[in-house]
Amino acid sequence: MIHLDTSFLIEAVRGDAGAVRKLQDWDSRGETLAISSVAWAEFLCGPLADGDLELAVQIVGEPQNFTPEHAVIAARLFNVSGDGVAR
């Protein structure tokens, strides 16, 4: 399962070529796509054009619950991902 972030979902919905290629690649590999309820809320803050919401739902389906345990995992992954900030 691949969890999308808000920025990627916006790019995908707006038809960004790189994002569309990634979606096609993941689809060809049979990947399941999802989004957390936190990222979904950010996406819904918009601005949204006509059809954006419907397309986003087609891409990610129902948003996934985001628990305190998920927050710990997300922070750990962020911190080890090489974001360029010295720790």
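**A walk through a small helical chain**

Hi everyone, let's start at one small spot: right after helix H1 comes Gly15, a residue whose phi is positive, near 85°. Helix H3 has a glycine after it too, namely Gly46, and the phi of Gly46 is also positive, near 70°. Please keep in mind throughout that this is a predicted model.

Now let me step back and show you the whole chain. It contains five helices and two strands. If you read from the N terminus, the order of the elements is β-α-α-β-α-α-α. Along the principal axes, the C-alpha atoms take up a box of roughly 40 × 25 × 25 Å. The chain has 87 residues, and 24% of them count as buried.

How much of the contact list comes from residues 24 or more positions apart? If we take the contacts with a separation of 6 or more, such pairs make up 71% of them.

Let's go back to H1, which covers residues 6–13. Which of its residues are buried? They are Thr6, Phe8, Leu9, Ala12 and Val13. Looking down the axis of H1, you find these buried residues within an arc of 165°, so they line one face of the helix. And what does that set of residues pack against? The partners are strand S1, helix H2 (17–28), strand S2 (33–35), helix H3 and helix H4 (52–60).

Thr6 deserves a closer look. Thr6 belongs to H1, and its relative accessibility is 10%, which is under the 20% cut-off, so Thr6 counts as buried. Its side chain forms a polar contact with the side chain of Glu42, at 2.5 Å. Setting aside residues up to four places away in sequence, Thr6 touches Ala39, Glu42 and Phe43.

Those partners take us to H3, which spans residues 37–44. The buried residues of H3 are Ala39, Trp40 and Phe43. Seen down the axis of H3, they fall within an arc of 105°, so here too the buried residues line one face of the helix. They pack against S1, H1, S2 and H4. You may notice that H1 is among the partners of H3, and that H3 is among the partners of H1.

After H3 there is something fun to spot in the backbone. Which kind of peptide bond joins Gly46 to Pro47, cis or trans? The bond is cis, with omega near 10°. Pro47 sits in the loop between H3 and H4.

On the far side of that loop we reach H4, and in H4 we find Asp52. Is Asp52 buried or exposed? With a relative accessible area of 7%, which is under 20%, Asp52 is buried. A polar atom of the Asp52 side chain lies 2.7 Å from the backbone nitrogen of Ala49. If we leave out its neighbours within four places in sequence, Asp52 is in contact with Val13, Arg14 and Phe43. You have met two of those names already: Val13 is one of the buried residues of H1, and Phe43 is one of the buried residues of H3.

Next, the largest pocket. Its volume is about 340 Å³. There are 13 lining residues, and the closest to the pocket centre are His3, Leu4, Asp5, Ser36 and Ala39. Strand S1 (2–4), H1 and H3 each contribute at least two residues to the lining. Which element gives the largest share? That is H3, with three residues. Sorted by class, the lining has five nonpolar, six polar and two charged residues.

Let me finish with two residues that are not buried. Arg21 is in helix H2, and with a relative accessible area of 55%, over the 50% cut-off, Arg21 is exposed. From Arg21 to Arg76 there are 55 residues in sequence, and the distance in space is 28 Å, C-alpha to C-alpha. The second one is Asn79, in helix H5, which covers residues 68–80. Asn79 is partly exposed, at a relative accessible area of 38%. Its C-alpha atom is 22 Å from that of Ala34, and the two residues are 45 residues apart along the chain.

When you turn the structure yourself, try finding Thr6 and Glu42 with their polar contact, then follow H3 to the cis bond between Gly46 and Pro47. Thanks for listening!

Definitions and conventions: Residues are numbered from 1 along each chain as its sequence is written. This is a predicted model: local features need pLDDT of at least 70, side-chain atom pairs count only at pLDDT 80 or more; totals for chains, interfaces and linings use all residues. Side-chain values use heavy atoms; hydrogens and water are left out. On a 1 Å grid over the protein atoms alone, a cavity is a set of points where a 1.4 Å probe fits but cannot get out, and a pocket is an open set with protein on both sides within 12 Å along at least five of seven lines; lining residues have an atom within 4 Å of a point. Grid points are joined across faces, edges and corners, and a volume is the space filled by probe spheres set on the points. Helices (H or I, at least four residues) and strands (E, at least two) are DSSP runs, numbered from the N terminus. Ala, Val, Leu, Ile, Met, Phe, Trp, Tyr, Cys and Pro count as nonpolar, Asp, Glu, Lys and Arg as charged, and the others, Gly among them, as polar. Buried means under 20% relative accessible area, exposed over 50%, partly exposed in between (1.4 Å probe, protein chains only). A polar contact is a pair of N or O atoms within 3.5 Å; within protein, one must be able to donate a hydrogen and the other to accept it, and residues adjacent in sequence count only if both atoms are side-chain atoms. Contact means heavy atoms within 4.5 Å. The arc is that of the directions from the helix axis to the C-beta atoms.
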